[in-house]
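Student: I would like to go through this model with you and ask, for each label, what it rests on. Could we begin with the cysteines?

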Amino acid sequence: MSFPDRRLRRLRRTPALRRLVAETRLGVDDLIAPMFVRELGDVPLPIASLPGVVQHTLDSLRAEAERLATLGVPAIVLFGIPATKDAEGSQAWASDGIVQRALGALRADLGDDVVLIADLCVDEYTSHGHCGIVGADGIVDNDATLELYRRAAVAQADAGAHVVAPSGMMDGQVAAIRAALDDAAHAHIPILAYAAKYASAFYGPFRDAVEVQIADGGDRTTYQQDPRNSREAMLEIELDLAEGADMIMVKPAVAYLDIVRQARDVTDVPIAAYHVSGEYAMLKAAAANGWIDGDAVALETLTSIKRAGADMILTYLAGEVAELLSRR
Ligand code: PBG
């Protein structure tokens, strides 16, 4: 062979050639839109740290879900902001809790056209903001919390969720939820397990969105993963799969692409990656300043998450990227 070897640039000459040889394809089918629904109030409320994202009313949620469905977005994941909170987060499983009502309404509107994923945790509903029952020692009580998750799983499935997505990072949560669903005639409901979920500062804007402040300046480091660890993430995934997870998630996404890649190498189940609130907020802030091309960076970011090995992406960009992709 003579050098320089021209094989690389030869295949980059035209847009159609580049399209033909592209290894990674981002499409609307990859997108899952996170949405917030608020029990109180009758107008949607903007979230300052998440430009373009709102706390929906039931009515505005239904309209936006309809719009996303029309754009072809295959799934949404729901988070609730309840009118009242308590120590156990009982609105997470109340049959008239805001997410359960939203699931019922969306299921009535959309049937099976959009996969309705229910985030399954209690932090939006607890007065102290933790993802479970806080014990006398101030630490979240793992096994006592599993009972709350069982109740929430059944309530969400009863209300019309197609998939439940436990995000609380209690040990054994997938097995507990699987058993509860099976016992309640919901054996067909899949579990998307937030398996490798890190204690991340990138969740800041999300906590504004759901109005969660962790009591006494606390954090989630006793249950979410330490960002310094990656082998531990593979153990989390292995255990969640052994407990019956149908799909797994890595979260956050961009700062953890190495974890997405390693996950891809160890499992063949579908992998979701969560492009989280802080990752979205940084992109939007830089774009608003004209420092980056927001649309181009959005497409490049989501493409990179797929290239790392994700099959689907939870992202606040879902609606706008679906529109961008339909125009190309
Ligand atoms: C927990 C949950 C969180 C997010 C999704 N589910 C917050 C947390 O763990 O503190 C964060 C998502 C984001 O930042 O976009 N219910």
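Tutor: Yes, bearing in mind that this is a predicted model. The sulfur of Cys-131 lies 3.4 Å from the closest cysteine sulfur, which belongs to Cys-121, and that is too far for a bond.

Student: How do you know that 3.4 Å is too far for Cys-131?

Tutor: A disulfide requires two cysteine sulfur atoms within 2.5 Å, and the 3.4 Å between Cys-131 and Cys-121 does not meet that cut-off, so the pair is not counted as bonded. In agreement with this, a search of the whole structure finds 0 disulfides, and Cys-121 is in no disulfide, its nearest cysteine sulfur being that of Cys-131.

Student: Why is Cys-121 called buried?

Tutor: Buried means under 20% relative accessible area, and Cys-121 has a relative accessibility of 3%, so it counts as buried. Cys-131 has a relative accessible area of 1%, and therefore it is buried as well.

Student: Turning to the ligand, what makes the approach of Tyr-316 a polar contact?

Tutor: A polar contact needs a pair of N or O atoms within 3.5 Å; a polar side-chain atom of Tyr-316 lies 2.6 Å from an oxygen atom of the ligand, so the pair qualifies. By the cut-off of 3.5 Å, the 2.8 Å between a polar side-chain atom of Arg-220 and a ligand oxygen qualifies too, as does the 3.0 Å between a ligand nitrogen and an N or O atom in the side chain of Glu-124. The protein covers 100% of the 400 Å² of accessible area that the ligand has on its own.

Student: Where does the ligand sit, and which classes of residue form the shell around it?

Tutor: The ligand sits in the largest cavity, and its shell has 8 nonpolar, 3 polar and 7 charged residues. Of the 18 residues that surround the ligand, the closest include Asp-123, Arg-207 and Lys-251.

Technical notes:
Residues numbered from 1 in each chain as written. Predicted model: local features only at pLDDT ≥ 70, side-chain atom pairs only at ≥ 80, totals over all residues. Heavy atoms only, no water. Near = heavy atom within 4 Å. Polar contact = N/O pair within 3.5 Å; in protein donor to acceptor, adjacent residues only side chain to side chain. Areas by Shrake-Rupley, 256 points an atom, 1.4 Å probe, with all protein chains shown as cover. 1 Å grid on protein atoms, 1.4 Å probe; cavity = no way out; pocket = protein on both sides within 12 Å on 5 of 7 lines; lining within 4 Å. Sits in = over half its atoms within 2 Å of the grid points. Nonpolar A, V, L, I, M, F, W, Y, C, P; charged D, E, K, R; others polar. Buried < 20%, exposed > 50% of the residue type's maximum accessible area, 1.4 Å probe, protein only.
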